[in-house]
Amino acid sequence: MKQTFTLILACLWCWATLIPLRAVPLHFLIGGNTTSTPGAGTEIDEGFEGTGLPSGWTETGATWNYDLGGGSQLAGNESATNGATGNAFIYKTITYRSSYVVEIMFRMADATPASTWTAFGFRTAAAGAVCLARVTTAGKMGLYIDGADRLATTDGLSDNTTYYARMEFVDGGRCKLEFNTTNSFTGSGNKYTQYDKAAVTSDAVRFYVGGNGGTNNIFDRVLVTY
Ligand SMILES: [Ca+2]
């Protein structure tokens, strides 16, 4: 009798511990960065593991390669790249939210582009810039928000190096951006920048990857939560 009671208690304990575990988003379990605090919802979780253009994305400009492998991929078996096509990008329409957290992996063949290059970010339904992560001609990462390029990071990027980036955007005008060679972020330091000085009233309803020049750029693990 005592053994049966102990068994019942053990089962109840197991069930109780499994409930919160099941509620944890999958990306936490597979290595999402530890300092971000994504909300309960996921707008985009794209690893480019399928064949060709993933479902729900729109390709603009020249054709990308979504099946880059052979050791050049950033995560999993395949990554997406704009190859030598340059001014090309993809986007996914998202539901308007008051705030987002973005996590993304990328690698640039040329980290000091001839002109400022947009890596990723939010735009309106008419493709107007809301908050973009850009790479300057000096190879720094900066925010394009409120109609202009803002303070860039102190540290620069290197060619052919895999980076993790994290962006926070709050409708109303606050945006934070940080990159690192590992999937961890501090919210400060030479690889971090932010802008929060003006109101941004345009609704972010598209998330873009790539655009405005830059060839042979590779992307993977696109995660947009709210
Ligand atoms: Ca992948």
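Is G41 buried or exposed? G41 is exposed, with 12 other C-beta atoms within 10 Å. The legends below start from the whole predicted model and return to this residue at the end.

**Figure 1. Overview of the predicted model.**
The protein holds 2 helices and 15 strands. Of its 226 residues, 36% count as buried. Take the contacts between residues at least 6 apart in sequence: 67% of them join residues at least 24 apart.

**Figure 2. An open sheet of 7 strands.**
The strand order is 2-5-14-7-8-9-10, and the pairing is antiparallel. Which strands stand at the edges? They are strand 2 (57-60) and strand 10. Each has a single partner strand, so one side of each is left without a neighbour in the sheet. From one strand to the next, the twist averages 20°.

**Figure 3. Strand 2 beside strand 5.**
This view shows one end of the strand order 2-5-14-7-8-9-10. Strand 5 covers residues 89-93. Strands 2 and 5 run antiparallel and are joined by 4 bridges. One pair to look for is T58 with its bridge partner in strand 5, Y91.

**Figure 4. Strand 15 and its surroundings.**
How many residues of strand 15 are buried? The count is 8 of the 8, so strand 15 is largely enclosed by the rest of the structure. Strand 15 spans residues 218-225. Its pairings include those with strand 1, strand 4 and strand 6.

**Figure 5. Strand 1 and strand 4 against strand 15.**
Strand 1 takes in residues 42-46. It pairs with strand 15 in the antiparallel sense, over 4 bridges. Within this pairing, E46 has V222 as its bridge partner. Strand 4 takes in residues 79-81. Its pairing with strand 15 is also antiparallel and has 2 bridges. Here T81 stands opposite I218.

**Figure 6. Strand 6 against strand 15.**
Strand 6 runs through residues 99-107. Between strand 6 and strand 15 there are 6 bridges, and the two run antiparallel. In strand 15, D220 is the bridge partner of M105.

**Figure 7. D146, a loop residue with a positive phi.**
Most residues other than glycine have a negative phi. D146 is not a glycine, yet its phi is positive, about 60°. Where is D146 found? It lies in the loop between strand 9 (140-145) and strand 10 (148-156). D146 counts as partly exposed because it has 19 C-beta neighbours inside 10 Å. Strand 10, on one side of this loop, is an edge strand of the 7-stranded sheet.

**Figure 8. N216, in the loop before strand 15.**
What is the phi of N216? It is positive, about 55°, although N216 is not a glycine. N216 sits in the loop between strand 14 (206-210) and strand 15 (218-225). It has 18 C-beta neighbours inside 10 Å, so N216 counts as partly exposed. Strand 14, on one side of this loop, belongs to the open sheet of 7 strands.

**Figure 9. G41, just outside strand 1.**
G41 is found in the loop between helix 2 (26-29) and strand 1. G41 is exposed. Which residues does G41 touch, not counting residues up to four places away in sequence? They are T225 and Y226. Y100 is 59 residues from G41 in sequence. In space, G41 and Y100 are 9.7 Å apart, C-alpha to C-alpha.

Key
Residues are numbered from 1 along each chain as its sequence is written. This is a predicted model: local features need pLDDT of at least 70, side-chain atom pairs count only at pLDDT 80 or more; totals for chains, interfaces and linings use all residues. A residue is buried if 20 or more other C-beta atoms lie within 10 Å of its own, exposed if 12 or fewer, and partly exposed in between; C-beta atoms are placed from the backbone. Two residues are in contact if their C-beta atoms, placed from the backbone, lie within 7 Å. Two strands pair if DSSP finds at least two bridges between them. Axes are lines fitted to C-alpha atoms, for helices over the stretch in contact, and angles run from 0 to 180 degrees between N-to-C directions.
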